[in-house]
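Let us go through this predicted model step by step, beginning with what lies inside and then turning to one helix and its surroundings.

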Amino acid sequence: MKFLCICQSGLGSSFMVQMNIQNLLKNKNVQEEIVVDHADVGSTTPNMADYFFIEKTLADAALNLPKDRIIALNSLIDQEEIKQAINKILDANGIMHE
């Protein structure tokens, strides 16, 4: 499974979300291989990931991505919001976690 964190330029905020997700997966002892990467919104295509994490106001710019695989975050720094989104994805895919 692959998660892609997206921001306008593909550098700062998307990389921050990537690191937060990686830390969360590690802390939850997720054993399944989940790749987490980051990119800019303009070069992102539907085949680049299973789920796309993007700031809510930028989600409208991701018209080429499947809406059911976009995780629109209200806040890129809200650890609890990211945790809830990750838990929902893990549960929906039957991936064990703490």
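A residue is called buried here if its relative accessible area is under 20%, and exposed if that value is over 50%. By this criterion both Phe3 and Tyr51 are buried, and their side chains offer a convenient place to start. Rings of this kind are paired if their centres lie within 6.5 Å, with planes over 60 degrees apart counted as edge-to-face, and the rule yields two aromatic pairs. In one of them, the ring centres of Phe3 and Tyr51 are 6.0 Å apart and the planes stand at 75°, so the arrangement is edge-to-face. This pair connects distant parts of the chain, since Phe3 belongs to strand β1 and Tyr51 to strand β3, with their positions 48 residues apart. Together with Phe53, Phe3 and Tyr51 make up one aromatic cluster.

The strands that carry Phe3 and Tyr51 also meet helix α1, which spans residues 12–27 and, with its 16 residues, reaches 23 Å from first to last C-alpha, close to the 22 Å expected at 1.5 Å a residue. Within α1, the buried residues are Ser14, Val17, Gln18, Asn20, Ile21, Leu24 and Leu25. They lie on the same side of the helix because the arc that they cover around its axis is only 165°. These buried residues pack against β1 (2–7), β2 (35–40), β3 (51–55) and β4 (70–73), as well as against helix α2 (79–92). On the other side of α1, by contrast, Lys26 and Asn27 are exposed. After the helix comes Asn29, whose phi is positive, near 55°.

Methods
Residues numbered from 1 in each chain as written. Predicted model: local features only at pLDDT ≥ 70, side-chain atom pairs only at ≥ 80, totals over all residues. Heavy atoms only, no water. Helix = DSSP H or I, 4+ residues; strand = E, 2+ residues; numbered from the N terminus. Expected span 1.5 Å × (residues − 1). Buried < 20%, exposed > 50% of the residue type's maximum accessible area, 1.4 Å probe, protein only. Arc of directions from axis to C-beta. Contact = heavy atoms within 4.5 Å. Phe/Tyr/Trp six-rings, centres within 6.5 Å; stacked < 30°, edge-to-face > 60°.
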